[in-house]
Amino acid sequence: MNDMTHAIEVENVYKVFGRKSDTALKMLREGHARDAVEEATGAVCAVIDASFRVAEGEIFVIMGLSGSGKSTLVRTLNLIHPPTTGAVRIGGTDITTLSPRRLRELRTSTISMVFQHFGLFPHRTVLQNAEWGLEVAQLPAEQRRVKAMEALELVGLKGWEDSYPGELSGGMQQRVGLARALSTDADILLMDEAFSALDPLIRGEMQEQLVELQQTLKKTIVFITHDLNEAMYLGDRIAVMKDGRIVQIGSAEEILQEPANDYVEAFVQDVDRSRVLTASSVMEEPIATILRREGPKAALRTMRQRQVSALFVVDPGRRLVGVALDDDVMKAVRSGEHSLDPITSSEVPTVTPDTLLADLLVPSAESRLPLPVVDDGKLVGVIPRVTLLAALATGSPNGVADGPADDGLAENGTPPATVPGSPESADAEEVSE
Amino acid sequence: MDLNGLPRVPVGDWVDAGVDWLTDNLTWLFDGVSAFMSALVGWLEAALLFPPALVVVVAFAAIGLLVRSWKFGLFTLASFALIVSMSMWEAAMSTLSLVLVASLITVAIGVPFGILAARNNGFSTFVRPVLDFMQTMPSFVYLIPAIVFFGIGKVPGVVATIVFSMPPAVRLTELGLRQVDKEVVEAGEAFGASPSRILTRIQVPLALPTIMAGVNQVIMLALSMVVIAGIVGAGGLGAMVFRGVTRLDVGLGFEGGLSVVILAIFLDRITSAFGERASKRTSR
């Protein structure tokens, strides 16, 4: 992370509302608790000593319950709420020192924003809404139209440009909000609970669309949410806020597995792990493998030694070629075949290390074999079905990784469904003797 | 009179002194304002009375038809024709021009004050009691200094009307602007719009239905005040009603009053139609 350029740097930002903000600030710095300070001064301490950096192209999620200060914090990034003290650097420049005019230019060119309740202009058409930032930037009408139309097309609203926001569904309205933010080509996107007002189905759709868009747009996104599952799904890194303070910053897995305190731990308890943990966190060392050039006889020997009914056939360098099943190997041995190639089936469902556990369930259920985890063609691990089930049940991938290995199941690598296959293995042994 | 031992506070004397000072020192200003207003009212009145009455009646009916519906156009045609045949037409047009000029000036002053009040909490708290005072002070009282400053005639009527009908213009403008969704205003800011652009492109258009309701109130109040102003020689329907009262002529008083009602209905329906149009556009 250190060698990356930081799009946003926030350093010791405080935001205190109210008349006695100076006194409140002093008390906070002396280490008084927020409640005590608010009671003594009548001020509202929305953000207390927030520091973080957001890398270029990163989705940085700020998560917390209502009243945790997250919406205020995101508004300090474009100075809609100027910080009471502290520095906000965008591309290296401390924007708290900018003149109003330069600040407006920055908002027009570099930072755009998407709002929880969309913040659309009801008296302007969808196109005019999308054009807003460009109109502020005083672009000629023709260019405005072209760019706004591009943005609307990007979010899938082509054909709606002459409608009014009130005629659109919630999900579509937020797409207008997104188009308005994208049309200015700003590098930084602030999204304040952008999907929270949408119903769950539409929310999921919008999350997927955002991830998809981000793959091509590579914006720096600061995303505010109170929904942990959303945070874990979208965030490259997540900052957890409580009572105005950031209590932990880390990746989804870090926050799940090493919660910084009881609050975060309680918070993450209900998270759907299958949507956070990835194949790489539960996969095991592949043992049931054989080099392609070794041939059927060697394959049969390996199967017997490792007590498995199938082998992953690999090239040197562990490139996955396919899978060889015990009965095919046996037939090949009987017919005197010297190569594994004719009996190697390349039609194996594979997954990548960053596939979510939730997405492993279907391939795992459909396959008799442990799921091979392939990274760039290379076999990096396998996930037997028991391992996957145990990981989802206990929620502790660490415990699972060695759990099944203890009773030999992992080594066996045979999912329960293949148990009827064991007599065949016995047959194979007979044949080879 | 028994003051229960309290000293007599000469509030009246102070006001008299203030009014004297103003008449002595600001005559040039009052003369200017007077000339401007009487020119404006006179010009509008002349324009309304220049064509034959029936032509103007048809023109008003056309406005009613275009702005609302054919039914309202028909109503306007019939009711304005009634004013003509009650021989109240000249008085009605005189009153109408007085109301329109007074309302125009009221809105021109009141809306900017409302905008200021919406943007500045200090100004808002200062202006609130002043508006309360203006609205609750018996309206006749405004006529006295108005006569002192501007003499007898149309101008004191206009001035008293402006003072009396100002509060809703300021209040409803402030309310309308404050009611604009905070997030929508933030959306304006977040894209780098200047405060004046946010005001003219977002806040005022979205507050327009409420502002128009204010304008409607202003016109209604102006109409009610204009009748009272008839007493001080502002002429028009007010003078007709006043004459009916002093001569105990029920018929004349009723004819004048009915004409006022017809004007009121017309102005109310037309301005509220504009308000409805604005709200249709903003709530879509």
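**Reading a two-chain model**

Author: Let's start where the chains meet: across the interface of chain B and chain A, the rule finds three salt bridges. Keep in mind that this is a predicted model.

Reader: Okay, show me one. Which residue does Arg75(A) meet in a salt bridge?

Author: Look for a nitrogen on one side chain and an oxygen on the other. Arg75(A) pairs with Glu186(B), at 2.7 Å from N to O.

Reader: And which helices of chain B supply at least two residues each to the side that touches chain A?

Author: That would be helix H9 (182-190), helix H10 (195-229) and helix H12 (250-283). H9(B) gives the most to that side, with seven residues.

Reader: How do I get a feel for the interface as a whole? How many residues of each chain are in contact?

Author: Try counting residues, then area, then polar pairs. On the residue count, 20 residues of chain B are in contact with 31 of chain A. The two chains bury about 2200 Å² between them, and 61% of that is on carbon and sulfur atoms. As for polar contacts, there are seven residue pairs between chain B and chain A, both partners at pLDDT 80 or more.

Reader: Give me another charged pair that crosses over. Which residue meets Arg197(B)?

Author: Glu135(A) does, in a salt bridge at 3.9 Å, N to O. Arg197(B) sits in helix H10 of chain B and Glu135(A) in helix H6 of chain A, so this pair joins two chains.

Reader: Are those two buried or exposed?

Author: Here you need the cut-off: buried means under 20% relative accessible area. Arg197(B) has 15%, so it counts as buried. Glu135(A) has 9%, so it is buried too.

Reader: What about salt bridges that share partners? Which residues do they join into one network?

Author: Glu9(A), Glu11(A), Arg53(A) and Arg89(A). Over all chains, the count comes to 27 salt bridges.

Reader: How do I tell a local salt bridge from one that links distant parts? How far apart in sequence are Arg34(A) and Glu38(A)?

Author: Check the numbering and the elements. Arg34(A) and Glu38(A) are four residues apart, about one turn of the helix, and both lie in helix H2 (residues 34-41) of chain A. Their side chains meet at 4.0 Å, N to O. Arg34(A) is buried at 16% relative accessible area, whereas Glu38(A) is partly exposed at 22%.

Now for a distant case: Glu193(A) and Lys70(A) form a salt bridge at 3.3 Å, N to O. This pair is 123 residues apart, with Glu193(A) in the loop between strand S7 (188-192) and helix H9 (200-217) of chain A, and Lys70(A) in helix H3 of chain A. Both residues are buried.

Reader: Let's go to chain B's fold. How many helices and strands does chain B have?

Author: Twelve helices and zero strands. Chain A, by contrast, has 20 helices and 15 strands. The C-alpha trace of chain B spans about 65 × 65 × 40 Å along its principal axes. Buried residues make up 48% of the 284 residues in chain B, and 53% of the 433 residues in chain A.

Reader: How do I read a nonpolar surface patch? Which residues of chain B make one?

Author: Find the nonpolar side chains at the surface and see which elements carry them. Val58(B), Leu65(B), Leu66(B), Trp70(B), Leu74(B) and Leu77(B) make a patch of about 630 Å². Helix H3 (53-67) and helix H4 (70-85) of chain B each supply at least two of its residues. Val58(B) is in helix H3 and is partly exposed, with a relative accessible area of 48%.

Reader: Now a polar residue in a helix. Which side chain does Ser124(B) contact?

Author: Its side chain makes a polar contact with that of Glu174(B), at 2.7 Å. Ser124(B) lies in helix H6 (residues 121-136) of chain B, and at 2% relative accessibility it counts as buried.

Reader: Last one: backbone angles. What is phi at Leu79(A) and at Gln138(A)?

Author: Most residues other than glycine have a negative phi. Leu79(A) has a positive phi, near 65°, and Gln138(A) has one of about 60°. Leu79(A) is in the loop between helix H3 (70-76) and strand S4 (85-90) of chain A, and Gln138(A) is in the loop between helix H6 (132-136) and helix H7 (141-154) of chain A. Leu79(A) is buried at 10% relative accessible area, while Gln138(A) counts as exposed at 63%.

Definitions and conventions:
Residues numbered from 1 in each chain as written. Chains lettered and ligands numbered in written order. Predicted model: local features only at pLDDT ≥ 70, side-chain atom pairs only at ≥ 80, totals over all residues. Heavy atoms only, no water. Buried < 20%, exposed > 50% of the residue type's maximum accessible area, 1.4 Å probe, protein only. Polar contact = N/O pair within 3.5 Å; in protein donor to acceptor, adjacent residues only side chain to side chain. Patch = residues over 30% accessible without salt bridge, like charges linked within 9 Å, V, L, I, M, F, W, Y side chains within 5 Å. Areas by Shrake-Rupley, 256 points an atom, 1.4 Å probe, with all protein chains shown as cover. Contact = heavy atoms within 4.5 Å. Buried area = accessible area lost by both parts, 1.4 Å probe.
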